[in-house]
Amino acid sequence: MKPSVSKIFEQKPEVWGLRGDPYLWDELQQAFTTIPLPCSKTCFIHHFEQFFQELTNHPLKTESAFWVEKYAHGGISSGGISVEFWQKTALPLLITRLQKVSKE
């Protein structure tokens with residue numbers, strides 16, 4: 001079986017934006033099991049934006065944080081998605097990992 005892009009999600013970030021972000025990370029990892037390696041940066045970003053929209057009902061280019069009920073598991077900020085975290089931390093991290101595994 002060919003390795004999938006989900007491999008780059010195996011090591012989770014040490015710091016998250018909001019409390020819903022780890023649940024979205026897990027769902028994105030699952031979604032990327034359908035995308036085989038190697039995968040170009042352009043292809044990855046296309047799929048990332050598509051999956052992000054499908055899973056959250058918000059585009060990645062949303063201006064501010066938002067709330068997703070299925071990621072709410074108790075607590076005042078539960079279910080919150082930090083767009084800034086995904087745009088400035090998670091996506092660059094994942095692209096770096098993708099480029100590394102694409103060279104292996």
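Good morning. Let us start with one residue, Ser78, which counts as buried because its relative accessibility is 6%, and buried here means under 20%. The model before us is a predicted one. Ser78 is located in the loop between β1 and β2. Setting aside residues up to four places away in sequence, Ser78 touches Arg19, Trp67, Tyr71, Ala72 and His73. A polar atom of the Ser78 side chain also lies 3.2 Å from the backbone nitrogen of Gly74.

Gly74 belongs to the loop between β1 and β2. Is Gly74 buried, or is it partly exposed? With a relative accessibility of 40%, Gly74 counts as partly exposed. Gly74 and Phe85 are 11 residues apart along the chain, and 21 Å separates their C-alpha atoms.

I turn now to the aromatic rings. Two values describe any such pair: the distance of the ring centres and the angle of the planes. How many aromatic pairs does a search of the whole structure find? The search finds 13. One of these pairs is formed by Phe9 and Phe32, which are stacked, with 5.4 Å from centre to centre and 25° between the planes. This pair links distant parts of the chain, since Phe9 sits in the segment before α1 and Phe32 in the loop between α1 and α2, 23 residues apart. Phe9 and Phe32 are both buried.

A second pair, that of Phe52 and Phe66, is edge-to-face: the centres are 6.2 Å apart and the planes stand at 90°. Here, too, distant parts of the chain are linked, with Phe52 in helix α2 and Phe66 in strand β1, 14 residues apart. Both Phe52 and Phe66 are buried. Beyond the individual pairs, ring pairs link a cluster that takes in Phe9, Trp16, Trp25, Phe32, Phe44, Phe48, Phe51, Phe52, Phe66, Phe85 and Trp86.

Let us move to the helices. Two packed helices are described by the angle between their axes and the distance between those axes. For α1 and helix α3, the angle is about 35° and the axes are 13 Å apart. The crossing of α1 past α3 is right-handed. Which residues make the contact? From α1 come Asp21, Leu24, Trp25 and Leu28, and from α3 come Phe85, Trp86, Ala90, Leu93, Leu94 and Arg97. By character, the residues of this contact divide into eight nonpolar, no polar and two charged.

Trp25, Phe85 and Trp86 also appear in the cluster of rings. Within α1, the buried residues are Asp21, Pro22, Leu24, Trp25, Leu28 and Ala31. An α-helix has 3.6 residues a turn, so residues three or four places apart point the same way. The buried residues of α1 pack against α2 and β2 as well as α3.

Before α1 we meet Leu18, which lies in the segment preceding that helix. Leu18 counts as partly exposed because its relative accessibility is 29%. In sequence, Leu18 and Gly80 are 62 residues apart, yet in space their C-alpha atoms are 5.4 Å apart. Leaving out neighbours within four places in sequence, the contacts of Leu18 are Ala65, Gly80, Ile81 and Ser82.

Next comes His58, in the loop between α2 and β1. With a relative accessible area of 24%, His58 is partly exposed. Not counting residues up to four places away in sequence, His58 touches Phe52, Gln53, Phe66 and Trp67; Phe52 and Phe66 are the two members of the edge-to-face pair. A polar atom of the His58 side chain lies 2.9 Å from the backbone oxygen of Thr56. His58 and Val83 are 25 residues apart in sequence, and their C-alpha atoms are 9.6 Å apart in space.

Finally, I draw attention to two points of backbone geometry. Most residues other than glycine have a negative phi, and most peptide bonds are trans. Asn57, in the loop between α2 and β1, has a positive phi, near 65°. Asn57 is exposed, with a relative accessible area of 63%. The peptide bond from Leu37 to Pro38 is cis, with omega near -5°. Pro38 is placed in the loop between α1 and α2.

Definitions and conventions
Residues numbered from 1 in each chain as written. Predicted model: local features only at pLDDT ≥ 70, side-chain atom pairs only at ≥ 80, totals over all residues. Heavy atoms only, no water. Phe/Tyr/Trp six-rings, centres within 6.5 Å; stacked < 30°, edge-to-face > 60°. Helix = DSSP H or I, 4+ residues; strand = E, 2+ residues; numbered from the N terminus. Buried < 20%, exposed > 50% of the residue type's maximum accessible area, 1.4 Å probe, protein only. Polar contact = N/O pair within 3.5 Å; in protein donor to acceptor, adjacent residues only side chain to side chain. Contact = heavy atoms within 4.5 Å. Axes fitted to C-alpha atoms, helices over the stretch in contact; angles between N-to-C directions. Left-handed = near helix turned anticlockwise from the far one by under 90°. Nonpolar A, V, L, I, M, F, W, Y, C, P; charged D, E, K, R; others polar.
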